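Biologist: I am new to this structure and would like to learn how to read its features. Could you walk me through it?

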Amino acid sequence: MPQVLVILGRQGSGKGTQAALLAERYGVIHVSTGDMLRAAVEAGTELGLRAKAVMDAGDLVGDDIMIGIVDERLADDDIQASGVLLDGFPRTTAQADALAEIAGGSGPDLAINLDVPIAEVTERMLARGRADDTAETIARRLELYEAETAPLLAWFEDRGSLAVVDGLGSEDEVFARLAEVIDGL
Ligand code: AMP
């Protein structure tokens, strides 16, 4: 398996934007599971139909479905050739275990936690005014993040592959911090 990088962070942390910039800089393929699901909803596929209600409620799509999607995507030629930056996956320890198996060895090469406090991401999400960003769904997603995804930080730390980057500041400042970590690999 080629290089596998993971970016973690609360919704509203800016990780999608930064992941796209990093993928461009380092020539890896940016894979956002949220984008894949939104595309499936848009296209009206069976997956999209199943995922829509779950996403609208701010809940997590089932591990089996997500692991299947990512397993399939990581087998594609572009990723086999260039490596991948995963954004939005893994989100549970079951997904992390599956990723480790797919990636071989002890798991991804590096997981970066883009750290932005809850109060700040809540403010940012309310300000962007997306249809699925009501106060209720924001609170629900942040709650799920703490319950399901925050334990992943320990999962990666135990394997010596976690880096934490301060996500406060301008886009350029945050990008420079992230690039410094990847350059140090
Ligand atoms: P995101 O764009 O990463 O915030 O994802 C949007 C929504 O897609 C999430 O709120 C979840 O409902 C769903 N989703 C995306 N990635 C995953 C994942 N790895 N596991 C479960 N649900 C996911």
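Modeller: Gladly! Please keep in mind that this is a predicted model.

Biologist: Thanks. Where does the ligand sit?

Modeller: Let me begin with the general idea. Rolling a probe the size of a water molecule over the atoms shows where empty space is left. In this model, the ligand sits in the largest pocket. About 910 Å³ of space lies there.

Biologist: How many residues line the largest pocket, and which lie nearest its centre?

Modeller: The lining has 45 residues, and Q11, G12, K15, R38 and R91 are the ones nearest the centre of the pocket. Several elements give two or more residues to this lining, among them β1 (4-8), α1 (15-26), β2 (29-32) and α10 (171-183). Helix α2 gives the most, with five residues.

Biologist: What classes of residue make up that lining?

Modeller: There are 13 nonpolar, 19 polar and 13 charged residues in the lining of the largest pocket.

Biologist: Now the ligand itself. Which residues are closest to the ligand?

Modeller: A shell of 15 residues surrounds the ligand, and Q11, T33, R38, D59 and G88 are the closest. Helix α2 (residues 33-43) gives the most to this shell, with four residues. Sorted by class, the shell has six nonpolar, five polar and four charged residues.

Biologist: How should I read the polar contacts there?

Modeller: Look for pairs of N or O atoms within 3.5 Å. One such pair joins a polar side-chain atom of R38 to an oxygen atom of the ligand, at 2.9 Å. For R91, an N or O atom in the side chain is 3.0 Å from a ligand oxygen. With D59 the partner is a polar backbone atom, 2.5 Å from an oxygen atom of the ligand.

Biologist: How much of the ligand does the protein bury?

Modeller: Taken alone, the ligand exposes 480 Å², and the protein buries 94% of that.

Biologist: What lines the second largest pocket?

Modeller: Its lining is made of R38, V41, K52, M55, D56, R130, A131 and D132. You have met R38 already, as a residue with a polar side-chain atom 2.9 Å from a ligand oxygen. The second largest pocket has a volume of about 160 Å³. Helix α3 (46-56) supplies the largest share of its lining, three residues. By class, this lining has three nonpolar, no polar and five charged residues.

Biologist: One last feature, please. Is the peptide bond from F89 to P90 cis or trans?

Modeller: Here is the general idea: most peptide bonds are trans. The bond from F89 to P90 is cis, with omega near 0°. To find P90 in the model, go to the loop between β3 (84-87) and α6 (93-103).

Technical notes
Residues numbered from 1 in each chain as written. Predicted model: local features only at pLDDT ≥ 70, side-chain atom pairs only at ≥ 80, totals over all residues. Heavy atoms only, no water. Near = heavy atom within 4 Å. Polar contact = N/O pair within 3.5 Å; in protein donor to acceptor, adjacent residues only side chain to side chain. Areas by Shrake-Rupley, 256 points an atom, 1.4 Å probe, with all protein chains shown as cover. 1 Å grid on protein atoms, 1.4 Å probe; cavity = no way out; pocket = protein on both sides within 12 Å on 5 of 7 lines; lining within 4 Å. Sits in = over half its atoms within 2 Å of the grid points. Nonpolar A, V, L, I, M, F, W, Y, C, P; charged D, E, K, R; others polar. Points joined across faces, edges and corners; volume = space filled by probe spheres on them.
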